[in-house]
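The exercises below concern the sheet, the nonpolar core and the aromatic rings of one protein chain. Each task is followed by a solution that proceeds step by step.

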Amino acid sequence: MNEIKCPQCGTVFQVDETGYAKIVSQIRDSEFARELEQRERSLVEQREQAVRLAVAQERSRAQEGAASSAARIAELEALLEAAKREGAAGIEALKRDQKARERAVQAEHARALADAAAERDARIAQLERELSVQNAAVSAEKQLAVAEARAALERERDALAAQVELVRAEGERAASALREEMATKLRAKDELISYKDEEIARYKDMKARLSTKMVGESLEQHCEAEFNKLRATAFPRAYFEKDNDVVDGTKGDYVFRECDEDGTEVVSIMFEMKNENDETATKHRNEDFLKKLDADRRKKGCEYAVLVTLLEPESELYNEGIVDVGYRYEKMYVVRPQFFIPIISILRNAALSAMTYKAELARARSQNVDVTRFEEQMEDFKAKFGRNYELASRKFQQAIDEIDKTIDHLQKTKDALLGSERNLRLANDKAQDLTIKRLTRNNPTMKAAFAALQEGDGRG
């Protein structure tokens, strides 16, 4: 459906696709007719303007011929006046000549007028023929344009009709699909309501026939049966049994524990199952059992605590799914019986992922410990090496000092020896210079002794 607003009164009304297409076609036909009428008036105005232009041109030519004749007459009159001034003798001749010329001018003027009129008539006839041809061409063009516009409008009308038909078919298919979808949803809703009613009736019937204790035991049996269905396939290394170990006068309902292939515990859960008969006078709330469940979890060393409950059946909080009450008690959840297996799977998978991270963390810590030990050994080696280097450096410096002292002592010894050598050289030089003359000089006794020796040597 399309909405159309009246430009006069402002009223908005709706029309279907066919009516809308007709209105559009009428508007286009009227616009096309108005355009053709405007073009026809324009061609008529052009034709009249061309006729007026031709008449104005002919009149201009006739006026130009009259002006030329008047100029000629003026020229002849001037000649006549000149002839009068020349003498009376030629006046008669000039008059005759003047009359002849006037007749010639008049004849020429008449012929010019006749030629102009004939030319004007011929031009008018030619313009009328051209106008007739132009009118015929305009008429043919108009007919061709009308035919083309009509064909285009018919094609557009057919396209719009096909589009409207396609839209209508798509609308019918969408409506049919929507009806089928709604019918399917309604059937599913009815089936779900019927199933819920049957479940409610079954539970009510079961509760009406059981005592309060048996109601709780039936929930425990249900959870145990559900677990045993999957024990062999999903939980082959899991332990799920009733908690019979009383600690400080209290115990839980069931304990779940699972270990990996190496015997390392993966996850442990303390379960509490709570149900209540509709005819029970005192109605319990789930929060009444959370504190005891948390205490049981801690006493039995379980990592998680889960309350499986049918209490508060009208509560939207507990009916939505798994409820995390960790804000009250650490690692505690409240679930309905249908989420008993899913909560075990979720906690088990989270624990497995955590074990992977723990193993990686342990490896990282081990590597870190190895690095720390290596660094400690390196620091110890550096410290010991530093001490040994310091001792060796001190001993080396002491040896250098002793060597320096020895060198200084040897240098002094060398200087002393060099001094002795100089003294010995001087002594040798003095010994070389020693003669008998020098020994006996100023010593008569020695002189006499040597003289006696020399004489004895001469005799012998």
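## Exercise 1: Strand pairing

Lysine 242 has tyrosine 254, in strand S4, as its bridge partner. The model under study is predicted.

**Task.** Determine in what order the strands form the open sheet, and state which are the edge strands.

**Solution.**

Step 1. Begin with S3 and S4, which run antiparallel and are joined by 5 bridges.

Step 2. Continue to the pairing of S4 with S5, which is antiparallel and has 6 bridges. Within it, valine 255 has methionine 270 of S5 as its bridge partner. S4 and S5 form a hairpin with 5 residues between them, and glycine 263 in the turn has a positive phi of about 85°.

Step 3. Consider S7 and S8, which pair in the antiparallel sense over 2 bridges. Here valine 323 stands opposite valine 334 in S8.

Step 4. Assemble the sheet: 6 strands form an open sheet in the order S3-S4-S5-S6-S8-S7, and the pairing is mixed. The edge strands are S3 and S7 (323-324), each of which pairs on one side only.

Step 5. Add the helix that lies across the sheet strands S5, S6 and S8: this is H4 (residues 290-299), running at about 150° to S5.

## Exercise 2: The nonpolar core

**Task.** State how many residues the largest nonpolar core has, and find which element gives the most to this core.

**Solution.**

Step 1. Recall a general tendency: in soluble globular proteins, nonpolar side chains tend to be buried together.

Step 2. Read off the core: the largest one has 25 residues, and those with the most contacts inside it are Phe227, Phe256, Phe271, Met273, Val306, Val308 and Phe340.

Step 3. Identify the contributing elements. At least two residues of this core come from each of H3 (212-234), S3 (238-242), S4 (254-259), S5 (265-274), S6 (304-309), S8 (332-335) and H6 (340-433). The most come from H6, with 6 residues.

Step 4. Examine one member, valine 306. Leaving aside its neighbours within four places in sequence, valine 306 is in contact with residues including Ile269, Phe271, Leu293, Tyr333 and Ile343.

Step 5. Note that another core, of 13 residues, lies apart from the largest one; among its residues are Met270, Leu290, Leu293 and Tyr318.

## Exercise 3: Aromatic pairs

**Task.** Classify the aromatic pair of phenylalanine 240 with phenylalanine 271 and that of phenylalanine 240 with phenylalanine 340, and explain which parts of the chain each ties together.

**Solution.**

Step 1. Take phenylalanine 240 and phenylalanine 271, whose ring centres are 5.9 Å apart with 80° between the planes. Planes over 60 degrees apart count as edge-to-face, and the pair is edge-to-face.

Step 2. Locate these residues: phenylalanine 240 lies in strand S3 and phenylalanine 271 in strand S5, so the pair ties together parts that are 31 residues apart in sequence. Phenylalanine 240 and phenylalanine 271 are both buried.

Step 3. Take phenylalanine 240 and phenylalanine 340, at 5.7 Å centre to centre and 55° between the planes; this pair is tilted.

Step 4. Locate these residues: phenylalanine 240 is in strand S3 and phenylalanine 340 in helix H6, so the pair ties together parts that are 100 residues apart in sequence. Phenylalanine 340 is buried, as is phenylalanine 240.

Step 5. Place the pairs in context: ring pairs link Phe227, Phe235, Phe240, Tyr254, Phe256, Phe271 and Phe340 into a cluster.

Conventions
Residues numbered from 1 in each chain as written. Predicted model: local features only at pLDDT ≥ 70, side-chain atom pairs only at ≥ 80, totals over all residues. Heavy atoms only, no water. Core = buried A, V, L, I, M, F, W, Y, C linked by side-chain atoms within 4.5 Å. Buried < 20%, exposed > 50% of the residue type's maximum accessible area, 1.4 Å probe, protein only. Helix = DSSP H or I, 4+ residues; strand = E, 2+ residues; numbered from the N terminus. Contact = heavy atoms within 4.5 Å. Pairing = 2+ DSSP bridges. Axes fitted to C-alpha atoms, helices over the stretch in contact; angles between N-to-C directions. Phe/Tyr/Trp six-rings, centres within 6.5 Å; stacked < 30°, edge-to-face > 60°.
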